[in-house]
Amino acid sequence: MTISSMTSSTNALSATQKECEGIKDLFRALKVESVVFRVNATLLCKASATFKKMFLRNADSTKPIVLRGLKAQKFSNLLWSLSTSSLPQLLDEKSLERLLDVEELAQRFAISQLHIRAESTLLATIAQGKNPAIISCSSRSLSRMVKIVLRVGNQPLFSFLMQMWTWRLHSRELHHVHAMRLAQPSRWAHDPRPFLKLLGHAFYAAMMDVEPKLASGQCININSTLTQPETIHIRCGYHSLRSWWDQIASQPPLYEHSPRCDHPERCSSAWRVRFESIADMESLPFPKVDGIRRIQELHKCLKDDLFLTQSMPVTCRHNALQELQKRRENLLETLHHHFDL
Ligand SMILES: [Zn+2]
């Protein structure tokens, strides 16, 4: 052994002794829910001042120290990471939950090194944007990840997660009820606007599920997981979005003509005629309240419309379609207003 390694190992030993000063027992019992964990007190003291204080405060080693407000499984995941010095590999929902458990508890018990490792692993994997465990995770895990990215103030990752949540609501991969409860702005010490926006999409997805009932005037809260106030918001959105569509269908967007447009009036008239005719069509394959898909379909039909291709200069057509696209984007941003949220 070289002098320097001897010195460093002696230093490490004295540091450990110092960290564990006052701790008499090598092993202590910690009780979480009904489970008693026999833990290595030296290891925990070394890793965290919070644990050290806890052991010093509870000197009687014959009694287990009760940790409240915790799940035994979650704590067991933390102990596994501490004892193996490793993190769960992100393969599926289960391993994602385990990693989130480790990250959250390492923060709670101020186990800084483990916390930094777990947090940076999660952030890097979210940033990759393609890990199957992340992109197919449950609403609960998604909400836990949102909490982390907000805590570290990573705006791009926050936007990515909120966007993923939104589109997975529309594709029915995630249930709207979970979003309605988890995305309540009152749960978050943060700007309420992104959460209101997400809530708007959750209510929209809920409304689309009960649309046939609403259209035929039936009751929507029988056998439903929705609360009474939630059904009122849904009804509110239903009526508001019906009116919204009527307004959209009757007002073709105005657009800027190209300097090369020789007959602006004729150009505008062609746009108006085709717009009103397609927007009015009963054959648009989505219910009137499904403004998001309906306006997307309207855009597609107008883009492919042969009459417009022949009657409008390319730039005019492009500008007109852009204005329509803006209406769709505006709807996506302001859905929550329709549901009075
Ligand atoms: Zn024109």
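Start by selecting strand β1, residues 27-32. One face of β1, made of Arg28, Leu30 and Val32, is covered, while Phe27, Ala29 and Lys31 lie on the uncovered face. Color the two sets differently and you can follow both faces along the strand.

Before going further, a word about what is on your screen: this is a predicted model. Its protein chain has a mean pLDDT of 90, with 91% of the residues at 70 or more. Now select residues 1-16, where the pLDDT is below 50. Apart from near neighbours in sequence, this stretch makes 2 contacts in the model. Coordinates predicted with low pLDDT should not be read in detail, so let us move on.

**Stop 1: the sheet**

Keep β1 selected and add strand β2, residues 35-40. The two strands run antiparallel and are joined by 6 bridges. To see one pairing, click on phenylalanine 27, which stands opposite asparagine 40 in β2. Next, look at the turn of this hairpin, where 2 residues lie between β1 and β2. Click on glutamate 33 in the turn: its phi is positive, about 50°.

Now add strand β3, residues 65-67. How does β3 run relative to β1, parallel or antiparallel? The two run parallel, with 3 bridges between them. Two pairs are good to click on here: leucine 30 stands opposite isoleucine 65 in β3, and lysine 31 stands opposite valine 66 in β3.

With the three strands shown together, you have an open sheet in the order β2-β1-β3, with mixed pairing. Why is one side of β2 and of β3 left without a neighbour in the sheet? Both strands stand at the edges and each has a single partner strand, so one side of each has no neighbour there. From one strand to the next, the twist averages 35°.

Add helix α4, residues 72-84, to the view. This helix packs on the sheet and touches β1, β2 and β3. Compare the direction of α4 with that of β2: they make about 15°.

**Stop 2: a loop residue**

Jump to alanine 110, in the loop between α5 (93-108) and α6 (112-128). Alanine 110 is not a glycine, yet its phi is positive, about 50°. Is this residue buried or partly exposed? Alanine 110 counts as partly exposed because it has 13 C-beta neighbours inside 10 Å.

**Stop 3: two helices that cross**

Select helix α11, residues 193-209, and helix α17, residues 314-338. A pair of packed helices is described by the angle between the axes and the distance between them. For α11 and α17 the angle is about 75° and the axes are 7 Å apart. The two helices are therefore roughly perpendicular to each other.

To find the meeting place, show Leu196, Lys197, Leu199, Gly200, His201 and Tyr204 in α11, and then Glu333, Leu335 and His336 in α17. By class, this contact has 4 nonpolar, 3 polar and 2 charged residues.

**Stop 4: another partner for α17**

Leave α17 on screen and add helix α15, residues 291-303. These two pack at an angle of about 170°, with axes 10 Å apart. So α15 and α17 are roughly antiparallel to each other.

On the α15 side, the residues to show include Ile292, Ile295, Leu298 and Leu302. On the α17 side, those they meet include Leu321, Leu324, Leu331 and Leu332. Charged and polar residues take part too: the contact of α15 with α17 divides into 8 nonpolar, 4 polar and 3 charged residues.

**Stop 5: just past α17**

Follow the chain into the segment after α17 and click on aspartate 340. Here is a positive phi, near 55°, in a residue other than glycine. Aspartate 340 is exposed, with 12 other C-beta atoms within 10 Å.

**Last stop: threonine 231**

Finally, select helix α13, residues 228-250, and find threonine 231 in it. Which residues is threonine 231 in contact with, leaving aside its neighbours within four places in sequence? The contacts are Ile220, Asn221 and Leu226. Try a distance label from threonine 231 to asparagine 221: they are 10 residues apart in sequence and 6.7 Å apart in space, C-alpha to C-alpha. With 18 other C-beta atoms within 10 Å, threonine 231 is partly exposed.

Notes: Residues are numbered from 1 along each chain as its sequence is written. This is a predicted model: local features need pLDDT of at least 70, side-chain atom pairs count only at pLDDT 80 or more; totals for chains, interfaces and linings use all residues. Axes are lines fitted to C-alpha atoms, for helices over the stretch in contact, and angles run from 0 to 180 degrees between N-to-C directions. Helices (H or I, at least four residues) and strands (E, at least two) are DSSP runs, numbered from the N terminus. Angles under 35 degrees count as roughly parallel, over 145 as roughly antiparallel, 65 to 115 as roughly perpendicular and the rest as oblique. Two residues are in contact if their C-beta atoms, placed from the backbone, lie within 7 Å. Ala, Val, Leu, Ile, Met, Phe, Trp, Tyr, Cys and Pro count as nonpolar, Asp, Glu, Lys and Arg as charged, and the others, Gly among them, as polar. pLDDT is the predictor's confidence in each residue, from 0 to 100. A residue is buried if 20 or more other C-beta atoms lie within 10 Å of its own, exposed if 12 or fewer, and partly exposed in between; C-beta atoms are placed from the backbone. Two strands pair if DSSP finds at least two bridges between them.
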